[in-house]
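Visitor: Please take one part of this model and go through it closely. I would like to hear how two of the helices pack, and then what can be said about the cavities.

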Amino acid sequence: CTVIFTRLATRDLHKPISILFCNLAVSDLFTSFSGFWISMLFITKPDITIFGSQDMLAPYALYTTSILSTIYNLVSIGIERYLAVAESMRTRFRVARNHSIAVVFISWMLAFFLGCLPLMGWNCLHAGRNISVLYSPFCVNYLVFIAMPNVAVAFLVPLFTYLRIIIILRKRKLRMQACGQAMGTYRSAETQVARTSISIWLLALVSYAPFLAGVVFDAANRRCHTDLYPGAYIFRNCTAMLITITCLGNPVLYTLRLRALGARLKALRCLSAARGQACAI
């Protein structure tokens, strides 16, 4: 919410990357909201979160949609950063504001379509076979269809894009060094990108790898719900907590630099105070 507020209040949405940052914050907000919804159902009606029910389809669908939107946003930000520094044969391709808006629209449409497939009928409410043990009433084949390609995209695409950015910055640094020019800017930029990219990749690895392991276990499992209680469901809750940590880590890695945020909030407070004094006069 702080990211969304500061972006909207300081008019940073004119920049294409700021649109992606703000959309990432919206996705994280939806993930937190749907996770809270599932947690309340777990507290009030724990049996339906274990054995599955019609009431679990909507919160699970919203949860899946928000996670998919977060993944697509992370991939879009990595590609946008790569295009911002990558140089083509003659000219540099610049991502325009309309491009970012189109990416946001397409990512949400794709996330809603894939996330709401169980609401459209791809569920195991009335089928004993192929039902997920960890995420009933979802079907195992649906979880495999959703998790495998999207988690692979979340791992591989940011890894490729940020490695390419580091390679491009290093080549430019070596070129300037050969020409005898100062290269402090490129050295600091390379270090900053390397640290940020490693943090982003490790956060995705820690957050989504356990969920992928749970889906693989679910697909290979042949035991019923009661045989796996409570250990498997404790693991499921831990994977949900890790995904929530991703929602907290994304603003820190991408947008919330504490000094800059404090300066912006202070500027906004001073601006509102100045307006109040002007109105009083």
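Guide: The crossing of H2 and H4 is left-handed. In this predicted model, H2 covers residues 16–44 and H4 covers residues 57–85. Their axes lie 8 Å apart, and the packing angle is about 155°. Angles over 145 degrees count as roughly antiparallel, so H2 is roughly antiparallel to H4. The contact of H2 with H4 can also be described by residue class: 17 of its residues are nonpolar, 10 are polar and 3 are charged.

H4 comes up again when one turns to the cavities, since it is one of the elements that line the largest of them. The count of cavities of 30 Å³ or more is 4. For the largest cavity, the computed volume is about 200 Å³. Its lining is made up of 15 residues. Those nearest the centre of this cavity are Thr 64, Ile 67, Leu 143, Ile 146 and Phe 211.

Which elements give two or more residues to this lining? They are H4, helix H6 (140–178) and helix H7 (184–220). Of the contributions to the lining, that of H4 is the most, at 6 residues. As for class, 13 residues of the lining are nonpolar and 2 are polar, while none is charged.

To put the two parts together: H4 packs with H2 at an angle of about 155°, and H4 also gives the most residues to the lining of the largest cavity.

Technical notes
Residues are numbered from 1 along each chain as its sequence is written. This is a predicted model: local features need pLDDT of at least 70, side-chain atom pairs count only at pLDDT 80 or more; totals for chains, interfaces and linings use all residues. Side-chain values use heavy atoms; hydrogens and water are left out. Axes are lines fitted to C-alpha atoms, for helices over the stretch in contact, and angles run from 0 to 180 degrees between N-to-C directions. Helices (H or I, at least four residues) and strands (E, at least two) are DSSP runs, numbered from the N terminus. Angles under 35 degrees count as roughly parallel, over 145 as roughly antiparallel, 65 to 115 as roughly perpendicular and the rest as oblique. A crossing is left-handed if the near helix is turned anticlockwise from the far one by less than a right angle, and right-handed if clockwise. Ala, Val, Leu, Ile, Met, Phe, Trp, Tyr, Cys and Pro count as nonpolar, Asp, Glu, Lys and Arg as charged, and the others, Gly among them, as polar. On a 1 Å grid over the protein atoms alone, a cavity is a set of points where a 1.4 Å probe fits but cannot get out, and a pocket is an open set with protein on both sides within 12 Å along at least five of seven lines; lining residues have an atom within 4 Å of a point. Grid points are joined across faces, edges and corners, and a volume is the space filled by probe spheres set on the points.
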